[in-house]
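Here is a short report for a reader who is new to this structure. Please look over the sequence and the model before reading on.

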Amino acid sequence: MKLTPPAQAPKADARPQSDTHHGITRTDDYAWLRDPDWREVMRAPEKLAPDIRSYIEAENAYTDEALAPLAALRETLFAEMKGRIKEEDSSVPAPDGAYAYFTRYREGAQQPVFARRQPDGTEETLLDCNAEAEGEAYFRIGDADHSPDHRLLAWSADRKGSEYFSLRLRDLSTGKDLADEVPDTSPGIAWDAAGKSFLYVHVDEEHRPLKVFRHIVGTPAAEDQLVYEESDIGFYVGVGKTQSGRYLVIDTHDHQTSELRLIPADAPDTPPRLVSAREHGVEYDIEHDEARGRFLILTNANGAEDFKLVEAPVAAPERANWRDVVPHRPGTLILSHVAYRDHHARMERRDGLQRIVIRRLADGSEHEIAFDEEAYDLNLAPGYEYDTATTRFSYNSMTTPSEVYDYDMETRARVLRKRQEVPSGHNPADYVTRRIFATAADGERVPISLLYARTTKLDGSAPCLLYGYGSYGISIPSSFSVTALSLVDRGFVYAIAHIRGGMEKGYRWYTDGKLLKKRNTFADFIAAGEHLAKEGFTARGRIVGHGGSAGGMLMGAVANMAPDLFNGIIAEVPFVDVLATMLDASLPLTPPEWHEWGNPIENEEAYRYMASYSPYDNVRAQAYPHIFALGGLTDPRVTYWEPAKWAAKLRALRTDARLTLLRINMEAGHGGASGRFERLKEVALVYAFALGISERA
């Protein structure tokens, strides 16, 4: 089935606006698509300016018409994907004292149910998100955290997609919410030891999480006490708790610097205590070893690029008192850690593969939990308890559905608690997963994870969906996907390019893909595509690139740089107007992101470098792949006008007759549609596009 553009495409008016920085003037024909009252639109989408709404609705209608021939395929794909999900399912209960907490889904339900197993073994529903979401166009749960005494549940929800969460308290003895209501929060709270108050983060009008408040149960939110306020708008603030439960943690950070403050959980009105003052480029994360009266700190201080573990006395946690426990080992990146009473568990990555290392705190002896597959995904789930010898982890690969294990850190016994069921059936032997390497222009070896059907011919005839992200140090896992199988079963090779900007190969892999090295990210992705074609997994011009958010920026950049490599580009909530966004300090995304991309307001070199790759600024008169851009009207991270402007400019300048499609979800934000099945429908939509342009529909 060959997709063709409808006869009449929407055309955005060109209304030029210019700005000048460092003596350089740039003109933007489509800047008017940014609503001047965008802050209000985030909270009340119906207030979008009429001319902007008219244009976006025309684009949505055009996309619907262009993709109409794929309607049956979309339904088939959705049914397949849904059929691989066990609709009535639950997580493995996590013990916390006499109770065990879990989430479950009912058959046909979109939203989770939070529940617990009581001491007598009966199950109790705490929060049914389906009931809360009834009648809502959008609903996303944020918090669902029980108090230490098990009496209350703090829960929050976003009902617009704008990521302003309203927080409520539920009395678990009655199942009713208290009068307490705290608006405009970000997810994440920290209960005190008595369950009488908690810390939370307030989100301001610019959508910046800069203030920490303490809410006392039973009092109005207007009376909440300000505990900490961050003065640097380039930083984020979060709250949490040590695994021991003894300390509340206020975490202030940007993408490369952190600063922590502690409050005793049993004395929550104590002023926060600074652990170590921020130092540019130094990160640290803290755990409490209560039995030995010390903190265990994960940090990159003193040149420990791939991080190390240090200890410091509880009475004197300052940097001067840090002493190495696990020294820095170049090439072995320590990702996270958790301290129990007698053991310490840490996640590491070496050569792109994860592992869990268990350390006995009494004598410092260590052992690894290792795995055999070429590519896999591993996650540590610490649970609620501190005085326990059991930790929990999950394992999966691109061919192996998720498995959840309880692991005895002392005896090394491993107990399988749950294996993901695929109701419609799944035989791992029908598929192949591999990890190969492409060579970038500068000689770096770029890992690529592959999934394809064993029957797929590797003679260049197969289409390929190549996924990438490559920013913020985020590593894309080689994990099991109930959605990717629908492509693979139709002859696609599914590939993930682990490009610079992530941390798949250590911290340096991240720093080599940011700031004035950002173009490495794009070059790596292109090298991955070229290698896949050279080795016969696909062919040039048969690749569909796919990425979202910063990965959407990647899509825009490679579409400009190597358009003939790709048949299509799928860019979800794409950060494509990089230069304009980084020049506007009023936007939620901007000040905290200067450490990732550079500050073009103050630095001419950063301006010129950013201008050299910013996808929107580099759209030019040339042939392009088919392009499908998706956004959300209330998205506070990548604002709706970025994909809207990009689509308008692409359609005006491209020299070929391929598709330029834009779809803005008028009832959602950065995460797309809410509800597990509604999100599947969006995946079915973009995969139908990939199949349609590849004539595999």
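The sections below cover two sheets, one hairpin and one loop residue.

## The sheet of 8 strands

This is a predicted model. One of its sheets is open and holds 8 strands. Their order is β31-β32-β34-β33-β35-β36-β37-β38, and the pairing is mixed. The edges are β31 (431-439) and β38 (660-665), and each of them pairs on one side only. Neighbouring strands of this sheet are turned by 20 degrees against each other on average, with direction ignored.

Inside this sheet, β33 (residues 464-467) pairs with β35 (residues 543-548). The two strands are parallel, and the pairing runs over 4 bridges. Cys464 has Ile543 of β35 as its bridge partner. A helix packs on the sheet as well: α12 (residues 641-653). Helix α12 touches β36 (566-572), β37 (626-632) and β38. The direction of α12 makes about 160 degrees with that of β38.

## The sheet of 4 strands

Another open sheet has 4 strands, in the order β19-β20-β21-β22. Its pairing is antiparallel. At the edges stand β19 (284-289) and β22 (323-326). Each has a single partner strand, so one side of each is left without a neighbour in the sheet. From one strand to the next, the twist averages 35 degrees.

Strand β21 (residues 308-313) and β22 run antiparallel and are joined by 3 bridges. Val310 has Asp324 in β22 as its bridge partner.

## The hairpin of β6 and β7

Strands β6 (residues 113-117) and β7 (residues 123-128) run antiparallel. They are joined by 5 bridges. Opposite Arg116 stands Glu124 in β7. In a regular strand, side chains alternate between the two faces of the sheet.

What lies between the strands of this hairpin? There are 5 residues between β6 and β7. Gly121 takes a positive phi near 95 degrees in this hairpin.

## Met409 in its loop

Met409 sits in the loop between β29 (403-408) and β30 (414-419). Is Met409 buried or exposed? Its relative accessible area is 2%. The cut-off for buried is under 20%, so Met409 counts as buried.

Which residues does Met409 touch? Leaving out residues up to four places away in sequence, Met409 touches Tyr340, His343, Ile358, His367, Thr388, Ala389, Thr390 and Thr391. Ile141 is 268 residues from Met409 along the chain, and the C-alpha atoms of the two are separated by 33 Å.

Terms used
Residues are numbered from 1 along each chain as its sequence is written. This is a predicted model: local features need pLDDT of at least 70, side-chain atom pairs count only at pLDDT 80 or more; totals for chains, interfaces and linings use all residues. Side-chain values use heavy atoms; hydrogens and water are left out. Two strands pair if DSSP finds at least two bridges between them. Axes are lines fitted to C-alpha atoms, for helices over the stretch in contact, and angles run from 0 to 180 degrees between N-to-C directions. Contact means heavy atoms within 4.5 Å. Buried means under 20% relative accessible area, exposed over 50%, partly exposed in between (1.4 Å probe, protein chains only).
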